[in-house]
Amino acid sequence: MATTGEIDVTKPRLSQSVLANLAGGTRVPAYDRTKVTPGIVHLGIGAFHRAHMAVYVDDLLAADPGWGIIGASLRRPDTKEALEPQDGLYTIAVRDAAGTHPRVIGSILEVMDANSEREALLALMADPAIRIVSLTVTEKGYCHDPATGELDRNHPDIVHDLAHPTAPKSAPGMLVEALARRRAAGVMPFTVMSCDNLPSNGETAKRIVTRFAALRDPDLGRWVEGVAFPSTMVDRIVPSTTDADRAEVAGLIGAEDAWPIMTEPFTQWVIEDRFPAGRPAFETVGAQLVRDVEPFEHMKLRMLNGAHSTMAYAGYLGGYDYIAEVMGDPAYVKLIHGLMTEEVMPTLDMPGVDLGAYRDQLLERFRNPALRHRTWQIAMDGSQKLPQRLLGTIRDRLRAGQGIERLALGVAAWMRYVTGVDEKGGEIDVRDPLALRMHAIAADAGDDPAALFEGLVALSEVFGTDLAGHAAFREAVLRHLESLFDEGARATVAKVAG
């Protein structure tokens, strides 16, 4: 997560009192914020939520002011510290080739720190006025086993929360305690809406939360079975905010913003329409309300995220810091175009959706020179991302007896990346829950790609138990891994791209 940087005292701090005096060209909330009341609590109020869901809600508050957001940070108070002096306001800066376009978002009424304000947050979640609790806590925040999707009963936070259910630390623990309080008070449960990049995120959230509730109290578990957990698919590229970004935003709006959000023009939100406690009219502000999110989810995870991860690992190894730089290399462009067209698109069943047009739109988004999306940032947490982004597609193609040449390169590039040493012998700052284990595997393997492959493919939480013994998978990934060691990333990409 980005730091909040230093505030330039020569400019006023962004707040409600300075909205009317911001520089021309800055969009500001088109509604009276004093009339907005909270209807949503959002757990995990990071940059992605503020670039995505909070913007959709901001768009609809003029017509329906009963859906303001109270955000909660579950781990660190940095978002609260940045936004509290700003009355919850922040700038979203949309970048394209024409420039940077600032807009101030007012949908977040307050940010709470769950560590220091836990009881107040639980009381708010139990309030009948809160009809939706949404969350973006990333894969790690679900306290689950990524390989099975089941609750990890040995997770330290889960162990704590089962022992101390009324003072929970985890997102599942927070949700269950708040729901237990609503049940005890005879209040209808809120809808739990996951906005994370997890496959079937609503089903995953329900499976974990109901299991935790049942472990607390079987009767409570049965009651939580009736809670709605709609799935969603969210898509917007959100690079980390830098101090240079803060300086640019300050110059554009004429005020200091401790934590502006930088993003692209494109945004997409597909939502399963299941909200028994009521919902905002999301469809009026551009969201797609559907009966089944899964096809859209597969499309995004496999095409956008799968391509992103492949570019991140192979691009970083090739010496590229940003995705737009990767897209300046014709060999990488050919690789990614072929990956999506020949290996991913045939696995998708999307009647009525022009997958070729979606592919071309993705390639154009990746080329955006104003969006400085770091390969290193995308490369984080690969052990948890690979199963959804690449390995699911690989399994489908292997079952169909089809080739995996480009997909296998993405996996091999990840294996080469997590050694923690780049092609020039420099250190790679590998950020991953399994980083220590992978570092030990790499140290034992030394310069032997085959030993590295055997060590990493044995990580069952990443690869399951099927791929390690699949001959076609083993051959393709190991061949590319050897090439990455012997010839380097750029030469390997050029060879595979053809």
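Aspartate 447 counts as exposed, with a relative accessibility of 73%. In this predicted model, aspartate 447 sits in the loop between α17 (435–445) and α18 (449–457). Asp447 also belongs to a negative surface patch, together with Asp448, Glu482 and Asp486. From there, the tour below moves on to salt bridges, cysteines, backbone angles and a few pairs of residues.

**Salt bridges**

- How many salt bridges does a search of the whole structure find? The count is 32, and a few of them are worth a closer look.
- Glutamate 117 pairs with lysine 80, and the closest N and O atoms of this salt bridge are 3.3 Å apart. The two partners come from distant parts of the chain, 37 residues apart. Glutamate 117 is in the loop between β5 (108–113) and α4 (118–125), while lysine 80 is in helix α3 (residues 78–83).
- Is lysine 80 buried or exposed? Lysine 80 counts as buried because its relative accessibility is 12%, and the cut-off for buried is under 20%. Its partner, glutamate 117, has a relative accessibility of 21% and so counts as partly exposed.
- Arginine 399 forms a salt bridge with aspartate 396, where the closest N and O atoms are 2.5 Å apart. Both residues lie in helix α15 (residues 382–399), and because they are three residues apart, about one helical turn separates them.
- Within that pair, arginine 399 is exposed, with a relative accessible area of 63%. Aspartate 396 is partly exposed, at a relative accessible area of 26%.
- The side chains of aspartate 429 and arginine 431 also meet in a salt bridge, at 2.9 Å from N to O. Aspartate 429 is partly exposed, with a relative accessible area of 33%, and arginine 431 counts as partly exposed too, at 43% relative accessibility.
- Some salt bridges share partners: Glu119, Glu177, Arg181 and Arg216 are joined in this way into one network.

**Cysteines**

- A search of the whole structure turns up zero disulfides.
- Cysteine 143 is in no disulfide, and the nearest cysteine sulfur, that of cysteine 195, is 18 Å away. Why is this pair not a disulfide? The sulfur atoms are 18 Å apart, whereas a disulfide needs them within 2.5 Å.
- Seen from the other side, cysteine 195 is likewise in no disulfide, with the sulfur of cysteine 143 as its nearest cysteine sulfur.
- Cysteine 143 is buried, with a relative accessible area of 1%. Cysteine 195 counts as buried as well, at 4% relative accessibility.

**Positive phi angles**

- Most residues other than glycine have a negative phi. Two aspartates make good places to look with that in mind.
- Aspartate 87 has a phi near 55 degrees, a positive value in a residue other than glycine. Aspartate 87 lies in the loop between α3 and β3 (90–96). With 36% relative accessibility, aspartate 87 counts as partly exposed.
- Aspartate 381 has a phi near 60 degrees, again a positive value in a residue other than glycine. Where is aspartate 381? Aspartate 381 lies in the loop between α14 (375–378) and α15.
- Aspartate 381 counts as buried because its relative accessibility is 13%, which falls in the range under 20%.

**Pairs of residues along the chain**

- Arginine 416 is found in helix α16 (residues 405–417). Is arginine 416 buried or exposed? Arginine 416 is buried, with a relative accessible area of 7%.
- The C-alpha atom of arginine 416 is separated by 8.5 Å from that of proline 449, and the two residues are 33 residues apart along the chain.
- Methionine 350 has its place in the loop between α12 (330–344) and α13 (355–367). Methionine 350 is buried, with a relative accessible area of 9%.
- Methionine 350 and serine 200 are 150 residues apart along the chain, and their C-alpha atoms are separated by 16 Å.

Definitions and conventions. Residues are numbered from 1 along each chain as its sequence is written. This is a predicted model: local features need pLDDT of at least 70, side-chain atom pairs count only at pLDDT 80 or more; totals for chains, interfaces and linings use all residues. Side-chain values use heavy atoms; hydrogens and water are left out. Patches are made of residues with over 30% relative accessible area and no salt bridge: like charges are joined within 9 Å, nonpolar side chains (Val, Leu, Ile, Met, Phe, Trp, Tyr) within 5 Å. Accessible areas come from the Shrake-Rupley method with a 1.4 Å probe; for residues, only the protein chains shown count as cover. A salt bridge is a side-chain nitrogen of Lys or Arg within 4 Å of a carboxyl oxygen of Asp or Glu. Lys and Arg count as positive and Asp and Glu as negative; His and the chain ends are not counted. The place of a charge is taken as NZ of Lys, CZ of Arg, CG of Asp or CD of Glu. Helices (H or I, at least four residues) and strands (E, at least two) are DSSP runs, numbered from the N terminus. Buried means under 20% relative accessible area, exposed over 50%, partly exposed in between (1.4 Å probe, protein chains only).
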